[in-house]
Amino acid sequence: MGSPLPTVLVPGLMCSARLYAPQTPELWRFGPVIVADHRSDDSMEAIADRILAMAPPRFALAGLSMGGYIAFVITRKAPQRVARLALLDTSAQPETPRQTERRMPQIALAVTGRLAEIVDILFPLFVHRDRHNDRQLKQVIELMARETGPEAFIRQQKAIMTRPDARPLLGSITCPTLVLVGEDDTLTPPALSKEIAAGISGARLVVVPDCGHLSTIERPQAVNAALAAWLAEPRIG
């Protein structure tokens, strides 16, 4: 077994380190765990540059949703530094006009600091339909929204709206790659993860049953098992 490999985790939109709280003890067995701060910039390029500046020389990289968009940019910019890649509940496709249209009312709410209303809008999209009345899970998302803040939420939305098409990158990714998605994810449906996995040679696709978009906190045991297998896979080089 080689030296411990640090893992850099990138949260999603309006999410904080709490998104990965169930994973940290499991991942720590393999090496140091760092949760990236993606709140300070309004473009994918700038967010990726900031994360690369604070990241170890070589690391495993995992991102969920917006974190996956950022992970693609990091991998494109510094492929030699990304030893492993995990793409959770995300998409390689660029923003569509329809998606941008849906973001504008949320940005308008954030401008006036109405984050609680944004949580009410996004919560049913973030989690499986059977968890729409899960008060404990909603409280976690409310906490993450407050930790993000309205100004950072607006910057994140702007970055997402201008994200590049990552599909041309897929064929060049050679590190051990995990692609994971909730079976009932309505924001980034399994077809998008299947597209990613099909484009990356040797990628492992995991579809988590009875799970929506925020798989790490909805089905932590299944996600932990998949991430542990990903980190334990022999690496070349």
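In what order do the six strands of the open sheet lie? The order is S2-S1-S3-S4-S5-S6, and the pairing is parallel. The legends below describe close-up views of this predicted model.

**Figure 1. The open sheet of six strands and its edges.** Strand S2 (33-35) and strand S6 (204-208) are the edge strands, and each of them pairs on one side only. Averaged over the sheet and with direction ignored, neighbouring strands are turned by 15° against each other.

**Figure 2. Strand S4 and its two pairings, with S3 and with S5.** Strand S4 spans residues 82-88 and runs parallel to strand S5, residues 177-182, to which four bridges join it. One of the residue pairs here is Leu 87 with its bridge partner Val 179 in S5. The pairing of S3 with S4 is also in the parallel sense and extends over six bridges. Here Ala 62 has Ala 86 of S4 as its bridge partner. S4 is mostly covered, with seven of its seven residues buried.

**Figure 3. Two helices on the sheet, H3 and H8.** Helix H3 (residues 66-77) packs on the sheet and touches strand S1 (7-10), strand S3 (59-64) and S4. The direction of H3 makes about 145° with that of S3. Helix H8 (residues 190-199) packs on the sheet as well, touching S4, S5 and S6. Between the directions of H8 and S5 the angle is about 170°. H3 also takes part in a right-handed β-α-β unit, made with S3 and S4.

**Figure 4. The largest nonpolar core and the surroundings of Ile 141.** The largest nonpolar core holds 80 residues. Which of them touch the most other members? They are Met 14, Leu 61, Met 66, Phe 72, Ile 74, Ile 141 and Leu 178. Helix H3 gives the most to this core, with seven residues. With residues up to four places away in sequence left out, Ile 141 touches Met 14, Val 119, Phe 123, Phe 126, Val 127 and Leu 214.

**Figure 5. A salt bridge between two loops, formed by Arg 129 and Asp 184.** The side chains of Arg 129 and Asp 184 meet at 3.6 Å, N to O. Arg 129 lies in the loop between helix H5 (115-126) and helix H6 (135-148), and Asp 184 lies in the loop between S5 and H8, so the pair ties together parts that are 55 residues apart in sequence. Are the two partners buried or exposed? Arg 129 is exposed, with a relative accessible area of 56%, while Asp 184 counts as partly exposed at 22% relative accessibility.

**Figure 6. Further salt bridges, including that of Glu 117 and Arg 114.** The structure holds 17 salt bridges. Side chains of opposite charge can pair when their charged atoms come close. In the bridge of Glu 117 and Arg 114 the N to O distance is 2.8 Å. Glu 117 counts as partly exposed at 34% relative accessibility, and Arg 114 counts as partly exposed at 39%. Arg 135 forms a salt bridge with Glu 142, and their closest N and O atoms are 3.2 Å apart. Arg 135 is partly exposed, with a relative accessible area of 44%. Salt bridges with shared partners also join Glu 45, Asp 49, Arg 76 and Lys 77 into one network.

**Figure 7. Ile 107 in helix H4 and its contacts.** Ile 107 is found in helix H4, residues 97-111. Its relative accessible area is 11%, under the 20% cut-off, so Ile 107 counts as buried. Which residues does Ile 107 touch, not counting those up to four places away in sequence? They are Phe 153, Ile 154, Gln 157 and Met 161. The C-alpha atoms of Ile 107 and Glu 151 are separated by 9.5 Å, and the two residues are 44 residues apart along the chain.

**Figure 8. Lys 138, a buried lysine in helix H6.** Lys 138 lies in helix H6. At 18% relative accessibility Lys 138 counts as buried, because buried means under 20%. Not counting residues up to four places away in sequence, Lys 138 touches Val 119, Asp 120 and Phe 123. Val 119 and Phe 123 are also among the residues that Ile 141 touches.

Note on methods: Residues numbered from 1 in each chain as written. Predicted model: local features only at pLDDT ≥ 70, side-chain atom pairs only at ≥ 80, totals over all residues. Heavy atoms only, no water. Pairing = 2+ DSSP bridges. Axes fitted to C-alpha atoms, helices over the stretch in contact; angles between N-to-C directions. Contact = heavy atoms within 4.5 Å. Buried < 20%, exposed > 50% of the residue type's maximum accessible area, 1.4 Å probe, protein only. Right-handed = clockwise from strand over helix to strand, strands pointing away. Salt bridge = Lys/Arg side-chain N within 4 Å of Asp/Glu carboxyl O. Core = buried A, V, L, I, M, F, W, Y, C linked by side-chain atoms within 4.5 Å.
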